Amino acid sequence: MSDAQYLEEEKEMMLKNPSKIQQQFTIWISDLHWKKLLLILPPMFLVVYISFSSKISPFSTTTVVNSGSLFPASFTKDELDRSRIAVCLVGGARRFELTGPSIIQKILKVYPNSDLFLHSPLDSKAYKLSLLKAASRIAAVKIFRPQPIPETESQVRVLTAQNSPNGIQGLLQYFNLVEGCLTMIQAYQKQNNFTYDWIIRTRVDGYWSAKLAPDNFIPGHYLVPPGSSYGGLNDRFGVGDYNTSVVALSRLSMISQLDSAGYRLLNSETAFRAQLTTQQVPYQTMRLPFCVVTDRQYEFPPSHYGVPVAALSSRGPLSGAKCRPCKPACTGSCIEQVMNGLDKGWSWTDWANNSLELCDAHTEWESGWEKIFDGVAGKKLAAARSRIEGLELDQCVNDFAEMKNKTAQWEAPPGSEICSLGLLDSS
């Protein structure tokens, strides 16, 4: 066989099976096939370079899609159980009697070594956060009285008030919730002299229908849900190692850098994507089994830039789409017609394989939604909903006291104040 023929055969073998490179290299060294080694080294290094470059490809502004072996292997459950994990839970309590128990069941109990960090505003619904007494490990709780955030010139240039219910101030309050949770995590790390391996960031109003799987933990990549991207990246959930999470959660402090980079008129999702791309953090999307429970009303059926509201009974995964418990008003061929009419880069969510049903969300929640929720969520979550529905002031105060006793760092008004604001003032 000629040297040229040999070279062509070896190149073909390696391109089909790069894993044999190391084995073949060892054989060549031991047998002193120096001539063949010199012939094969250039294509071998080319294959290695292509493979390595695929993992650290230049960071574009488009979503990096899951493509199997091109990405680092995700962690196994055993490996994650040996890791330090922070769960950053942010937002107002709203329908927490529906969402909170699912977060405990599908995230915190799945990763029992994880530490919970809660950052939430004080309002008439905050008493529902007492359900977190069921969490086994609570590192820090901050329930704060919201104050207006002064708007800087760079924030006004970079952000847009369009499609934000509370304008730029609403975006700043949300960004403050997210980055404030990161500040809590960093303070806890410093006090205890360690660094978390992973940070899971999720919302208080997220309902989880299934467990957060280990394959969502991908070293060196920040993972987000697909859909509901509004021109950028879905920012309703994220998980990453510590370094990628620091970038992803720095929502407020990163605005000045986006201003310097020339970004203008960004909403929450486009600002989130800009954060990652300007800091060269690769991201990946993967469907996730949660939805955001909403009381807001939306036109039905949704138009091109409308917002679909999924029925909580949808098989999913819903990847953070808006949802509510309802009798579905749109299924089957109706779904195909509606979803094909939505802009895929805006409020669209995956609807294939009968995974989505839609509510008619142009009015308030329908009568009897409690029974619908209980039927979908199961007995344990139904019991938690019922418990909050009949919660008395004394029991609420006791629940917060129990929760405080198991929390390492506590910054919140007295339990009596939190409970009275919801259970007495609202009545």
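This passage describes Glu 97 and the helix pair around it in a predicted model. Residues are numbered from 1 along each chain as its sequence is written. Local features need pLDDT of at least 70, side-chain atom pairs count only at pLDDT 80 or more, totals for chains, interfaces and linings use all residues, and side-chain values use heavy atoms, without hydrogens and water.

The protein chain holds 15 helices and 13 strands (DSSP runs, H or I of at least four residues for helices and E of at least two for strands, numbered from the N terminus). Of its 427 residues, 50% are buried (under 20% relative accessible area, 1.4 Å probe, protein chains only).

Glu 97 lies in helix α5, residues 96–108. Its relative accessible area is 8%, so Glu 97 counts as buried. Beyond four places in sequence, Glu 97 touches Lys 128, Leu 131, Ala 384, Arg 385 and Ile 388 (heavy atoms within 4.5 Å).

Three of these names recur in the contact with helix α13, residues 379–389. There, Glu 97, Leu 98, Pro 101, Ser 102 and Gln 105 of α5 meet Lys 380, Leu 381, Ala 384, Arg 385 and Ile 388 of α13. The residues of this contact comprise five nonpolar, two polar and three charged (nonpolar: Ala, Val, Leu, Ile, Met, Phe, Trp, Tyr, Cys and Pro; charged: Asp, Glu, Lys and Arg; polar: the others, Gly among them).

The axes of α5 and α13 come within 9 Å and cross at roughly 140° (lines fitted to C-alpha atoms over the stretch in contact, with angles from 0 to 180 degrees between N-to-C directions). The two helices are therefore oblique to each other (neither under 35 degrees, nor over 145, nor 65 to 115).
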